[in-house]
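Hello,

Here is the structure we talked about. Please look through it before reading my notes.

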Amino acid sequence: MTKSELISKLQMQYKRLPGEVVEKCVDVILEGIASALDDHRRVEVRGFGNFSIREWQPRFARNPETGETWRTPPVNAVYFRPGKELKMRVNGRGYAESKFNNHTSEHSDHSEHIECREE
Amino acid sequence: MNALTKAKLVERLFEQQKLNKRVAKAFVDYFFEHMCSILETGHSIKFSGFGNFYLRDKTERPGRNPKTGEVYSVASRRVVTFRAGHKLKVRVEQSVSASS
């Protein structure tokens, strides 16, 4: 699902805000996360997960062909660690009591899902 | 440096979109709940310029309790992975060179 698909779904389901505001709000949230990471700040969203920056120190590497030793540059990578609730939900388990349960209809078959996983 | 939390995202919506704080909070909650429910139904999410959330199915594998050495099997499961998009990668990379 792409950002535009997600936005149009949000616009259909979330009637408390006008459509163009929903679109801007999604951008504000994503930009907020990106700019926090830019400042090397962690992003913590309870239930969904955390984003953080992993800093890889420079290390000595060797070109296997020439045997030449060189120093790799320091690398910073974005790391996402899914939250407990998300982890359980993608496995069809523990659909936590959420305020928005009534908006989604696809969650009815969890009990069956657990059974086939545990066989 | 302190972490960015949902409360601070609400603050941003309040400042940048002039949303009432209660509405902003409800929207932030709804947004992340919505992402969870998309992933839950087995779809990946792609945000161009930001990054993609993928689902990965892990097969069952033998594991060991590091404390007791006991062998058990790690059940097959589905995990969420995030890969940063090009724009975000470059941005974060540059923030490094700026600070060092």
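Below is what was found in it, beginning with a sheet and ending with chain B as a whole.

Please keep in mind that this is a predicted model.

The sheet is open and has four strands, in the order β5(A)-β2(A)-β1(A)-β1(B), with mixed pairing. Its edge strands are β5 of chain A (75-82) and β1 of chain B (4-5), each of which pairs on one side only. As general background, strands of a sheet pair through backbone hydrogen bonds, either parallel or antiparallel.

Where do the two chains meet in this sheet? Strand β1 of chain A (residues 43-45) is joined to β1(B) by two bridges, and these strands run parallel. A:E44 stands opposite B:T5 there.

Helix α2 of chain A (residues 19-38) lies across β1, β2 (49-56) and β5 of chain A, and also across β1 of chain B. The helix runs at about 30 degrees to β2(A).

On cysteines: a search of the whole structure finds zero disulfides over all chains. A:C25 has a relative accessible area of 0%, which is under 20%, so A:C25 counts as buried. B:C36 is buried too, because its value is 4%.

Chain B contains three helices and six strands. Read from the N terminus, its elements run β-α-α-β-β-β-β-β-α. Chain B has 100 residues, and 39% of them count as buried. The area that chain B exposes is about 5900 Å², with 51% of it supplied by carbon and sulfur atoms. Of the contacts in chain B between residues at least 6 apart in sequence, 30% join residues at least 24 apart.

Regards

Technical notes. Residues numbered from 1 in each chain as written. Chains lettered and ligands numbered in written order. Predicted model: local features only at pLDDT ≥ 70, side-chain atom pairs only at ≥ 80, totals over all residues. Heavy atoms only, no water. Pairing = 2+ DSSP bridges. Contact = heavy atoms within 4.5 Å. Axes fitted to C-alpha atoms, helices over the stretch in contact; angles between N-to-C directions. Disulfide = S-S within 2.5 Å. Buried < 20%, exposed > 50% of the residue type's maximum accessible area, 1.4 Å probe, protein only. Areas by Shrake-Rupley, 256 points an atom, 1.4 Å probe, with all protein chains shown as cover.
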